[in-house]
Amino acid sequence: MIRFFLLQNRQGKTRLSKWYIPPPTTQNSNTSGEVEKARIESEVHRLVTSRDKKYTNFIEYNNYKLIYRRYAGLFFTIAVDISDNELSYLETVHLFVELLDSYFSNVCELDIVFNFNKVYAILDEFMLAGEIEESSKREILDRVKLLEKME
(Lines give C-alpha, C1' and ligand atoms only; values in the text may rest on other atoms or scores of the structure.)
Protein backbone atom coordinates (compact mmCIF):
# COMPACT_ATOMS: atom_id res chain seq x y z
CA MET A 1 0.00 0.00 0.00
CA ILE A 2 1.18 3.48 -0.82
CA ARG A 3 1.87 5.67 2.21
CA PHE A 4 2.68 8.93 0.43
CA PHE A 5 3.72 10.34 -2.92
CA LEU A 6 6.12 13.28 -3.17
CA LEU A 7 7.37 15.37 -6.04
CA GLN A 8 10.33 17.57 -5.07
CA ASN A 9 12.83 19.67 -6.96
CA ARG A 10 16.61 19.61 -6.43
CA GLN A 11 16.44 22.48 -3.93
CA GLY A 12 14.08 20.55 -1.67
CA LYS A 13 10.89 22.44 -2.52
CA THR A 14 7.94 20.05 -2.45
CA ARG A 15 5.84 20.55 -5.57
CA LEU A 16 3.31 17.79 -4.89
CA SER A 17 2.53 15.96 -1.69
CA LYS A 18 -0.18 13.33 -1.37
CA TRP A 19 -0.49 11.45 1.92
CA TYR A 20 -2.66 8.34 1.98
CA ILE A 21 -1.75 7.36 5.54
CA PRO A 22 -1.06 10.10 8.11
CA PRO A 23 2.49 10.18 9.46
CA PRO A 24 3.04 8.53 12.81
CA THR A 25 3.15 10.93 15.75
CA THR A 26 4.05 10.09 19.32
CA GLN A 27 1.39 10.67 21.93
CA ASN A 28 3.76 12.66 24.16
CA SER A 29 4.80 14.95 21.33
CA ASN A 30 3.27 18.38 20.79
CA THR A 31 4.02 18.34 17.06
CA SER A 32 1.08 18.32 14.72
CA GLY A 33 0.67 16.12 11.66
CA GLU A 34 1.66 18.96 9.34
CA VAL A 35 4.95 19.53 11.20
CA GLU A 36 5.68 15.80 11.03
CA LYS A 37 4.91 15.74 7.30
CA ALA A 38 7.32 18.64 6.70
CA ARG A 39 10.02 16.87 8.73
CA ILE A 40 9.57 13.63 6.78
CA GLU A 41 9.56 15.49 3.44
CA SER A 42 12.85 17.24 4.23
CA GLU A 43 14.42 14.00 5.47
CA VAL A 44 13.27 12.12 2.36
CA HIS A 45 14.72 14.87 0.15
CA ARG A 46 18.04 14.68 2.00
CA LEU A 47 18.18 10.90 1.59
CA VAL A 48 17.23 10.89 -2.09
CA THR A 49 19.42 13.76 -3.31
CA SER A 50 22.54 12.69 -1.43
CA ARG A 51 22.37 9.13 -2.72
CA ASP A 52 24.98 8.16 -5.30
CA LYS A 53 23.73 7.14 -8.76
CA LYS A 54 25.50 3.78 -8.56
CA TYR A 55 23.02 2.58 -5.91
CA THR A 56 19.46 1.39 -6.51
CA ASN A 57 16.43 3.67 -6.39
CA PHE A 58 15.10 1.93 -3.29
CA ILE A 59 15.73 3.06 0.29
CA GLU A 60 14.43 1.48 3.48
CA TYR A 61 13.20 4.31 5.67
CA ASN A 62 11.52 3.83 9.06
CA ASN A 63 8.98 1.04 8.58
CA TYR A 64 8.49 1.45 4.81
CA LYS A 65 10.39 1.66 1.53
CA LEU A 66 11.09 4.75 -0.53
CA ILE A 67 11.12 4.25 -4.28
CA TYR A 68 12.32 7.28 -6.18
CA ARG A 69 13.23 8.35 -9.67
CA ARG A 70 14.74 11.55 -10.97
CA TYR A 71 13.41 13.20 -14.12
CA ALA A 72 15.30 16.36 -15.11
CA GLY A 73 15.33 18.47 -11.92
CA LEU A 74 12.45 16.69 -10.17
CA PHE A 75 12.48 13.75 -7.79
CA PHE A 76 9.38 11.55 -7.77
CA THR A 77 9.28 9.60 -4.51
CA ILE A 78 6.74 7.05 -3.39
CA ALA A 79 6.68 5.39 0.03
CA VAL A 80 5.22 1.89 0.24
CA ASP A 81 4.96 -1.00 2.68
CA ILE A 82 8.16 -2.94 3.25
CA SER A 83 6.77 -6.11 1.62
CA ASP A 84 5.58 -4.48 -1.62
CA ASN A 85 7.26 -5.01 -4.99
CA GLU A 86 9.74 -2.21 -5.68
CA LEU A 87 9.84 -2.61 -9.44
CA SER A 88 6.09 -2.31 -9.85
CA TYR A 89 6.16 0.99 -7.98
CA LEU A 90 9.12 2.19 -10.02
CA GLU A 91 6.95 1.56 -13.08
CA THR A 92 4.11 3.39 -11.33
CA VAL A 93 6.30 6.48 -10.98
CA HIS A 94 7.26 6.21 -14.64
CA LEU A 95 3.63 5.90 -15.72
CA PHE A 96 2.73 9.00 -13.69
CA VAL A 97 5.49 10.94 -15.46
CA GLU A 98 4.19 9.69 -18.82
CA LEU A 99 0.68 10.82 -17.85
CA LEU A 100 1.94 14.29 -16.99
CA ASP A 101 3.99 14.41 -20.17
CA SER A 102 1.00 13.41 -22.30
CA TYR A 103 -1.37 15.84 -20.61
CA PHE A 104 0.94 18.88 -20.62
CA SER A 105 2.86 17.86 -23.77
CA ASN A 106 6.45 17.91 -22.54
CA VAL A 107 5.85 18.70 -18.88
CA CYS A 108 8.17 20.94 -16.86
CA GLU A 109 8.27 22.09 -13.25
CA LEU A 110 6.36 25.28 -14.04
CA ASP A 111 3.46 23.26 -15.47
CA ILE A 112 3.23 21.44 -12.15
CA VAL A 113 3.47 24.66 -10.12
CA PHE A 114 0.85 26.62 -12.05
CA ASN A 115 -1.51 23.71 -12.76
CA PHE A 116 -1.25 21.86 -9.47
CA ASN A 117 -5.02 21.20 -9.41
CA LYS A 118 -4.77 19.33 -12.73
CA VAL A 119 -1.77 17.36 -11.46
CA TYR A 120 -3.74 16.32 -8.36
CA ALA A 121 -6.70 15.37 -10.58
CA ILE A 122 -4.45 13.13 -12.68
CA LEU A 123 -2.98 11.59 -9.53
CA ASP A 124 -6.44 11.00 -8.07
CA GLU A 125 -7.57 9.23 -11.23
CA PHE A 126 -4.41 7.12 -11.12
CA MET A 127 -4.23 6.28 -7.40
CA LEU A 128 -7.07 5.96 -4.91
CA ALA A 129 -6.70 5.47 -1.15
CA GLY A 130 -3.11 4.29 -1.46
CA GLU A 131 -3.72 1.74 -4.23
CA ILE A 132 -3.37 1.87 -8.01
CA GLU A 133 -6.85 2.51 -9.37
CA GLU A 134 -6.22 2.54 -13.11
CA SER A 135 -3.14 1.64 -15.15
CA SER A 136 -4.34 2.61 -18.63
CA LYS A 137 -2.85 5.92 -19.69
CA ARG A 138 -5.57 6.54 -22.26
CA GLU A 139 -8.35 5.79 -19.76
CA ILE A 140 -6.92 8.13 -17.12
CA LEU A 141 -6.42 11.00 -19.56
CA ASP A 142 -9.93 10.52 -20.96
CA ARG A 143 -11.39 10.76 -17.45
CA VAL A 144 -9.41 13.93 -16.68
CA LYS A 145 -10.58 15.53 -19.93
CA LEU A 146 -14.17 14.53 -19.10
CA LEU A 147 -13.81 16.20 -15.70
CA GLU A 148 -12.52 19.35 -17.43
CA LYS A 149 -15.61 19.45 -19.63
CA MET A 150 -17.83 19.21 -16.57
CA GLU A 151 -16.19 22.26 -14.94
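**Helix α2, the sheet and the cores of the predicted model**

In this predicted model, helix α2 contributes a long list of buried residues: Y89, L90, T92, V93, L95, F96, V97, L99, L100, Y103 and F104. The helix covers residues 86-104, and its length can be checked with simple arithmetic. At 1.5 Å a residue, its 19 residues should span 27 Å, and the C-alpha atoms at its two ends are indeed 27 Å apart, so expectation and model agree. Both ends of α2 have a local feature to look at. At the start, the backbone nitrogen of L87 has a side-chain oxygen of N85 within 3.1 Å. After the helix comes S105, with a positive phi near 45°.

The strands come next. Five of them make up an open sheet in the order β2-β1-β5-β4-β3, and the pairing is antiparallel. Strands β2 (14-19) and β3 (58-61) occupy the edges; each has a single partner strand, so one side of each has no neighbour in the sheet. On average, and with direction ignored, neighbouring strands are turned by 20° against each other.

Working through the sheet pair by pair, β1 and β2 are antiparallel and linked by five bridges. Within this pair, F4 has W19 of β2 as its bridge partner. The two strands form a hairpin with four residues between them, where G12 adopts a positive phi near 100°. Q11 also lies in the loop between β1 and β2. With a relative accessibility of 67%, Q11 counts as exposed, because the cut-off for that class is over 50%. Although 34 residues separate Q11 from H45 in sequence, their C-alpha atoms are 8.8 Å apart in space.

On the other side of β1, seven bridges connect this strand (residues 2-9) with β5 (residues 74-81), again in antiparallel fashion. Across this pairing, L7 faces F76 of β5, while Q8 faces F75 of β5. Strand β5 in turn pairs with β4 in the antiparallel sense, over eight bridges. One of the partnerships here joins I67 to I78 of β5. Strands β4 and β5 also form a hairpin, this time with two residues between them, and A72 in the turn has a positive phi of about 55°. Both β1 and β5 are mostly covered: in β1, seven of the eight residues are buried, and in β5 seven of the eight are buried as well.

Helices pack on this sheet. Helix α1 (residues 33-49) lies across β1, β2, β3, β4 (64-71) and β5, and runs at about 65° to β1. Helix α4 (residues 116-126) touches β1 and β2, and its direction makes about 35° with that of β2.

The nonpolar interior can then be described through its cores. In soluble globular proteins, nonpolar side chains tend to be buried together. Here, the largest nonpolar core has 30 residues, and those with the most contacts inside it are F5, F76, I78, F96, L100 and M127. The elements that give two or more residues to this core are β1, β4, β5, α2, α4 and α5 (137-150). Of these, α2 gives the most, with 10 residues. What does L100 touch, once residues up to four places away in sequence are set aside? The list is F76, S105, V107, I112, V119 and I122. A second core, separate from the one above, has 13 residues and includes W19, I40, V44 and F75.

A charged residue rounds off the picture. E125 is located in helix α4. Is E125 buried or exposed? Its relative accessibility is 15%, which is under the 20% cut-off, so E125 counts as buried. Apart from neighbours within four places in sequence, the residues in contact with E125 are E133, E134, I140, R143, V144 and L147.

Technical notes: Residues numbered from 1 in each chain as written. Predicted model: local features only at pLDDT ≥ 70, side-chain atom pairs only at ≥ 80, totals over all residues. Heavy atoms only, no water. Expected span 1.5 Å × (residues − 1). Buried < 20%, exposed > 50% of the residue type's maximum accessible area, 1.4 Å probe, protein only. Polar contact = N/O pair within 3.5 Å; in protein donor to acceptor, adjacent residues only side chain to side chain. Pairing = 2+ DSSP bridges. Axes fitted to C-alpha atoms, helices over the stretch in contact; angles between N-to-C directions. Contact = heavy atoms within 4.5 Å. Core = buried A, V, L, I, M, F, W, Y, C linked by side-chain atoms within 4.5 Å.
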